Number of protein chains: 2
Amino acid sequence: MLRIAKLTDYATVLLTTMAAEHDTQFSAADLAARSRVEAPTTAKVLKSLANAGLVESRRGAGGGYRLARAPAAITIADVVAAMEGPIGMTECVVDEGACGHEGHCGVQANWRRISIAIEAALRAVTLADMLPKPALRRIPIRVLRTDAATS
Amino acid sequence: MLRIAKLTDYATVLLTTMAAEHDTQFSAADLAARSRVEAPTTAKVLKSLANAGLVESRRGAGGGYRLARAPAAITIADVVAAMEGPIGMTECVVDEGACGHEGHCGVQANWRRISIAIEAALRAVTLADMLPKPALRRIPIRVLRTDAATS
DNA sequence: TTAAACAGTACCATTCCAGTCCTGATTGAG
DNA sequence: CTCAATCAGGACTGGAATGGTACTGTTTAA
């Protein structure tokens with residue numbers, strides 16, 4: 001568990017396909033065929049990505065979609081946020097005041113810090129990294145942790 | 001989005017309550033009252049936690065629950081796994097072979113690496129860290145990233 | 001023997017998600 | 001100017017998952 005939505009997964013697949021030729025414009029149907037994602041689903045995902053500004057659309061005959069930025073400038077955090085809204089592990093991280101326990105909840109602040117760490121990890125990976133030429137590299141990411149120690 | 005389940009959130013609240021006096025035994029009703037989580041929900045969560053081995057239960061009159069290990073030895077990754085199953089951002093990370101796109105999917109391996117990074121972040125935070133005495137400390141976590149560079 | 005307390009299961013209502021379809025607006029080409 | 005290609009936006013539906021709740025059984029201490 002702790003899954004991203006399927007549509008978010010499809011979004012990464014579609015965007016990665018576009019990133020492979022990132023100044024090309026693709027029609028939704030073309031992208032669906034290349035990515036092997038169902039055409040109606042592809043169209044739905046691309047609309048969301050366009051609304052979020054990750055891809056640019058051109059309407060009309062000869063229209064299509066292209067990446068709005070360079071692959072290295074689009075992060076997985078961007079994609080998740082575009083498809084699912086703001087990243088937050090608990091409701092209270094995103095919708096302040098939505099949880100009746102806020103006054104006496106001891107873990108709220110800690111979940112907020114964890115959420116920030118997760119988002120940082122997702123922001124460290126870009127579409128360029130997702131291209132299928134995997135060679136590994138380890139990079140250190142700073143993760144907030146609560147502990148009785150100095151900053 | 002990218003939420004943990006509410007029950008997982010409740011689990012952290014209950015466990016944190018227990019961690020505050022971690023060699024004490026609590027009845028489910030007592031914990032519910034202290035944590036202000038509904039009693040039936042509390043009972044349900046504690047059963048899951050007991051099955052996962054994070055808490056130990058004693059049945060019968062005078063029974064109850066206590067932490068199975070020291071708070072510093074129980075991580076948020078443990079709690080999430082206990083409540084929601086193995087941590088994985090996409091289905092194919094957890095259930096190999098469940099996705100029809102496995103042969104031609106270029107992002108699968110990268111999602112696996114991202115999932116591992118997320119899990120590492122969750123494993124870096126323990127119940128002891130969740131106790132409401134927040135003083136921040138930054139620690140570096142190694143996060144796998146795919147990139148055209150050396151290992 | 002009895003009451004306290006956990007164990008296991010089953011159930012339901014609600015919400016959410018994935019997938020599809022339809023209609024409308026825009027644009028290039030003939 | 002007309003038509004076809006293409007995106008935009010919204011509505012709808014079936015199914016699954018979540019979250020709560022309740023009921024029955026088992027164990028244990030007094």
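Visitor: Before looking at any particular pair of helices, which angles count as roughly perpendicular?

Guide: Angles of 65 to 115 degrees count as roughly perpendicular. In this predicted model, helix 1 of chain B and helix 2 of chain B pack at an angle of about 100 degrees, with their axes 10 Å apart, and these two helices of chain B are therefore roughly perpendicular to each other. On the side of helix 1 of chain B the contact is made by B:Val13, B:Leu14, B:Thr17 and B:Met18, and on the side of helix 2 of chain B by B:Leu31, B:Arg34 and B:Ser35.

Visitor: Turning to chain A, how many helices and how many strands are there?

Guide: Chain A has seven helices and three strands, and the order in which they follow one another along the sequence is α-α-α-β-β-α-α-α-α-β. Of the 151 residues of chain A, 42% count as buried. If one takes the contacts in chain A between residues at least 6 apart in sequence, 60% of them join residues at least 24 apart.

Visitor: At what angle do the axes of helix 1 of chain A and helix 3 of chain A cross?

Guide: Those axes cross at roughly 85 degrees and come within 10 Å, and helix 1 of chain A and helix 3 of chain A are therefore roughly perpendicular to each other. The contact is made by A:Leu7, A:Tyr10, A:Ala11 and A:Leu14 from helix 1 of chain A, together with A:Thr41, A:Thr42, A:Val45, A:Leu46 and A:Leu49 from helix 3 of chain A.

Visitor: And how should I read the packing of helix 1 of chain A and helix 4 of chain A?

Guide: Helix 1 (residues 6–20) and helix 4 (residues 76–84) of chain A pack at an angle of about 130 degrees, and their axes are 9 Å apart; the two helices are therefore oblique to each other. Their crossing is right-handed. Helix 1 of chain A contributes A:Leu7, A:Thr8, A:Ala11, A:Thr12 and A:Leu15 to the contact, while helix 4 of chain A contributes A:Ile76, A:Val79, A:Val80, A:Met83 and A:Glu84.

Visitor: How can I read a single helix, for instance helix 3 of chain B, and which of its residues are buried?

Guide: One may begin with its length: at 1.5 Å a residue, the 13 residues of helix 3 of chain B (residues 39–51) should span 18 Å, and the end C-alpha atoms are indeed 18 Å apart, which agrees. The buried residues in this helix of chain B are B:Thr42, B:Val45, B:Leu46 and B:Leu49. They cover an arc of only 100 degrees around the axis, which puts them on the same side of helix 3 of chain B. The face turned away from that buried side carries the exposed residues B:Pro40 and B:Asn51.

Visitor: Against what do the buried residues of helix 3 of chain B pack?

Guide: They pack against helix 1 (6–20), helix 2 (28–35), strand 1 (55–58), strand 2 (64–67) and helix 4 (76–84) of chain B. Just after helix 3 of chain B comes B:Gly53, which takes a positive phi of about 85 degrees.

Visitor: What is the usual sign of phi in residues other than glycine?

Guide: Most residues other than glycine have a negative phi. In this model A:Arg36 has a positive phi, near 60 degrees, and is a residue other than glycine; A:Arg36 lies in the loop between helix 2 (28–35) and helix 3 of chain A, and is partly exposed, with 14 other C-beta atoms within 10 Å. In chain B, B:Arg36 has a positive phi of about 60 degrees although it is not a glycine, and B:Arg36 is found in the loop between helix 2 and helix 3 of chain B.

Visitor: Is B:Ile74, to take a last residue, buried or exposed?

Guide: B:Ile74 counts as buried, with 24 C-beta neighbours inside 10 Å, and its place is in the loop between strand 2 and helix 4 of chain B. Leaving aside residues up to four places away in sequence, B:Ile74 touches B:Leu15, B:Leu54, B:Leu67, B:Arg69, B:Thr126 and B:Leu127.

Terms used: Residues are numbered from 1 along each chain as its sequence is written. Chains are lettered from A and ligands numbered from 1 in the order in which they are written. This is a predicted model: local features need pLDDT of at least 70, side-chain atom pairs count only at pLDDT 80 or more; totals for chains, interfaces and linings use all residues. Helices (H or I, at least four residues) and strands (E, at least two) are DSSP runs, numbered from the N terminus. The expected span of a helix is 1.5 Å times one less than its number of residues. A residue is buried if 20 or more other C-beta atoms lie within 10 Å of its own, exposed if 12 or fewer, and partly exposed in between; C-beta atoms are placed from the backbone. The arc is that of the directions from the helix axis to the C-beta atoms. Two residues are in contact if their C-beta atoms, placed from the backbone, lie within 7 Å. Axes are lines fitted to C-alpha atoms, for helices over the stretch in contact, and angles run from 0 to 180 degrees between N-to-C directions. Angles under 35 degrees count as roughly parallel, over 145 as roughly antiparallel, 65 to 115 as roughly perpendicular and the rest as oblique. A crossing is left-handed if the near helix is turned anticlockwise from the far one by less than a right angle, and right-handed if clockwise.
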